[in-house]
Amino acid sequence: MSITCLVLLTVFTTGCADKVDKKTIKKEQERLAEYTVKNYEDVRKIEFKSFEKNNSTGVWHADAIINDKYYIVYSVNGIGENGYIGILHRTNKSNGEMIRDKKNKDEKIDLKSIEIDYVKG
């Protein structure tokens with residue numbers, strides 16, 4: 001009986017350790033949106049389609065569509081820790097096109113003018 005309780009307690013605590021609350025997930029999506037607006041031209045809309053952790057690598061991935069045209073995948077090391085953000089352009093889904101890099105990355109970022117659809121956590 002003691003061993004069963006110990007095993008269940010271990011499984012429960014290990015399983016819950018990887019859980020991230022909805023507020024943290026939304027905040028991380030906002031950080032990805034800020035990164036996108038800061039680094040890419042003419043961003044008017046960002047639609048997040050997924051936001052998940054790869055348990056084998058520990059890296060978070062978010063699929064998104066920018067301006068209803070550009071399909072990208074974000075990779076984030078360390079959610080909620082201002083971890084590194086990488087972007088993979090899915091040109092096969094974007095008709096061979098990629099969103100253009102912004103030349104002036106020092107512009108002030110205003111997410112209020114961007115339509116953002118968040119994934120619910």
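**Two loop residues and a buried threonine**

N95 is exposed, with a relative accessible area of 73%. The model described here is a predicted one, and N95 is a handy place to start looking around it. This residue lies in the loop between β4 (85-89) and β5 (115-117). Its backbone is worth a glance too: N95 is not a glycine, yet its phi is positive, near 55 degrees. For background, most residues other than glycine have a negative phi.

D68 also has a positive phi, in this case about 60 degrees, and D68 is not a glycine either. Its place in the chain is the loop that runs between β2 (59-66) and β3 (70-77). With a relative accessible area of 53%, D68 counts as exposed, because the cut-off for that label is over 50%.

Next comes T36, which sits in helix α2, a stretch covering residues 22-39. Is T36 buried or exposed? T36 counts as buried, because its relative accessibility is 0% and the label applies to anything under 20%. What does T36 touch, leaving aside residues up to four places away in sequence? The contacts are V43, I46, I66 and Y74. I66 belongs to the residue range of β2 (59-66), and Y74 to that of β3 (70-77). With Y74 there is a polar contact as well: the side chains of T36 and Y74 are paired this way at 2.4 Å.

Taken together, N95 and D68 are exposed loop residues with positive phi values, while T36 is a buried residue of helix α2.

Key
Residues numbered from 1 in each chain as written. Predicted model: local features only at pLDDT ≥ 70, side-chain atom pairs only at ≥ 80, totals over all residues. Heavy atoms only, no water. Helix = DSSP H or I, 4+ residues; strand = E, 2+ residues; numbered from the N terminus. Buried < 20%, exposed > 50% of the residue type's maximum accessible area, 1.4 Å probe, protein only. Polar contact = N/O pair within 3.5 Å; in protein donor to acceptor, adjacent residues only side chain to side chain. Contact = heavy atoms within 4.5 Å.
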